[in-house]
Amino acid sequence: MIEELVQQLLRSRTGSIEAPAGTGKTEQIALIAAQVPGRWLILTHTVAGADALRRRLRKYEVSSQKAQVDTLSAWSHRFARAYPHASGLPEDWSARGRDWSAVVRAATRLIESNAITSVLTASYDGVLIDEYQDCTANHHRLVCAISQAIRCYVFGDPLQAIFGFRNDPLADWNTQVLHQFPSGGTLTTPHRWNQAGNPELGAWLIRQREAFAEGHFDLSGAPRCVTWAPSATRLAARDLAATCAVRIAEGETLNILHTSFDEVRRADLAKATGSTTVEPVGGRTEREFYDALRQTTGIARVNAVLDFATSVYVGLDAAGKRRRVDSLLNNPRLVRVPASPAEQALCVVAQGFTMLGIIDFFSCVEREQGVTLVRPELLYCVRSALRHCTENDGVELEDAAWLAANARREPGRIIRNRSVGSCLLVKGLEFDHVVVTADACTSRQNWYVALTRATRTVKVLSPARRFFA
């Protein structure tokens, strides 16, 4: 049911709810969409957050006619692009530049101009903003503009403010957010752990919240489901893998939280632990691959494809394939063993720039014995971008990748039972078991997010059992 303080909030036109991790914020948002008359726009920051919201809406059989879920960036882009004159979004804006603040500012100009007020009021009866502690000054101005047209309620937790944006500081919760959206109270029941049959962990996290907010972490008094093992920082994946080992029952999930700053190190740890990765949208590996495709030809392009493949597969003999392709192209009469389907596809790549040849290579190599995919989200996005560019001339790879990521948001991302991610990537998600490496957290907010991701067990790897963050 909708909690009393949330019911009180809905009697006002605007307001906010502070919601510590696991206290039912997502549930309350879904219940509002399901039970309160009207069509609701639900906005959040990340793919993971949008997935969590959509899953909860499906639980209550809330149709798209009753609620629309989107990220702030995607929703802003859709409206700014639809009304370019009023929004001022440059025609040549591209996801390649990664200037999403410009998109948010353009959407804000559009709404503040009153050009689409009638569209907003006809489309939605109210808006619910999740994870509001991660809203920047630009996001906050956008939401304030929306709130002038329709009812607006924001949900967040200052202790989970872990996102940072270039030249766009976070809106201050106490001075800016609460000034515009008065507090309706704080959720306090640890539903996540109560429902998982682990109320002791939930109660401990609630009790320690004040200490966590001050940066004090002491695992010595934690319940038995929270364990600690000494660990140095920046260990090689092969040295870290054994310490990350956790036995899980069939159907349970394990996430290993590792560095937020290096997706290659996360991929290496996934390979060493037999896991798959949780991927960012438009991450470094993806961007560097697109740059390499634009800048290379012939064998150099083959090398770029193989370098990328090495990052997403384990068991791929990249060196052997390089030698074979070189022989097939330069000394075909000396080749006694016929080319494999993957080698044939690489030869096509070398002989002329064709996206289809790269796609064919990925399809062929996956059928080779001993090859395992460890970065499925990344490969899915790259494949989709290459296919989109093949079918649509003149589209930038980064724009095609962004379209692919948006298309995948709707059905939800698939995270395997063993995965490696970061605090930034799994915020809004929950797992049965979590391992936190010594490189996973750089602030008290990171630590709080990490400790609240698991419902059953948490294993912390750090230099000390007591520490200040």
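Which residue in β13 is the bridge partner of N255? The partner is S419. The structure described here is a predicted model, and this pairing belongs to one of the sheets described below.

## The sheet around β9

Strand β9 covers residues 254-257. Its side chains alternate: L254 and I256 point one way, while N255 and L257 point the other way. All four of these residues are buried.

β9 pairs with two strands. With β13 (residues 418-421) the pairing is parallel and runs over four bridges; the N255 to S419 pair links these two strands. With β14 (residues 431-436) β9 is likewise parallel, joined by four bridges. On that side, L254 stands opposite H433 of β14.

## The wider sheet and its edges

These strands are part of an open sheet of six strands, ordered β8-β15-β14-β9-β13-β10 and paired in the parallel sense. β8 (226-230) and β10 (276-277) are the edge strands, each with a single partner, so one side of each has no neighbour in the sheet.

At the β10 edge, two bridges join β10 to β13, and the two strands run parallel. T277 has V420 in β13 as its bridge partner. Helix α23 (residues 444-451) packs on this sheet and touches β9, β14 and β15 (454-462). The direction of α23 makes about 135° with that of β15.

## A second six-stranded sheet

Another open sheet of six strands has the order β3-β2-β4-β5-β1-β6, again with parallel pairing. Here β3 (67-71) and β6 (183-186) stand at the edges; each has a single partner strand, so one side of each is left without a neighbour in the sheet. From one strand to the next, the twist averages 15°.

At the β3 edge, strand β2 (residues 40-44) runs parallel to β3, and five bridges join them. Within this pair, L41 stands opposite Q68 in β3. Helix α9 (residues 173-180) packs on the sheet, where α9 touches β1 (14-18), β5 (151-156) and β6. Its direction makes about 135° with that of β1.

## The second largest pocket

The second largest pocket holds about 770 Å³ of space. Its lining is made of 36 residues, and the closest to the centre are T26, R56, R192, G428 and E430. Three elements give two or more residues to this lining: α2 (25-35), α3 (47-59) and α10 (191-195).

By residue class, the lining of the second largest pocket divides into 11 nonpolar, 12 polar and 13 charged residues.

## Two loop residues with positive phi

Most residues other than glycine have a negative phi. Two residues of this model that are not glycine have a positive value instead: R98, with phi near 60°, and N114, with phi near 70°.

R98 lies in the loop between α5 (84-87) and α6 (100-112). With a relative accessible area of 39%, R98 is partly exposed. N114 lies in the loop between α6 and α7 (117-123). Its relative accessibility is 57%, so N114 counts as exposed.

Technical notes:
Residues numbered from 1 in each chain as written. Predicted model: local features only at pLDDT ≥ 70, side-chain atom pairs only at ≥ 80, totals over all residues. Heavy atoms only, no water. 1 Å grid on protein atoms, 1.4 Å probe; cavity = no way out; pocket = protein on both sides within 12 Å on 5 of 7 lines; lining within 4 Å. Points joined across faces, edges and corners; volume = space filled by probe spheres on them. Nonpolar A, V, L, I, M, F, W, Y, C, P; charged D, E, K, R; others polar. Buried < 20%, exposed > 50% of the residue type's maximum accessible area, 1.4 Å probe, protein only. Pairing = 2+ DSSP bridges. Contact = heavy atoms within 4.5 Å. Axes fitted to C-alpha atoms, helices over the stretch in contact; angles between N-to-C directions.
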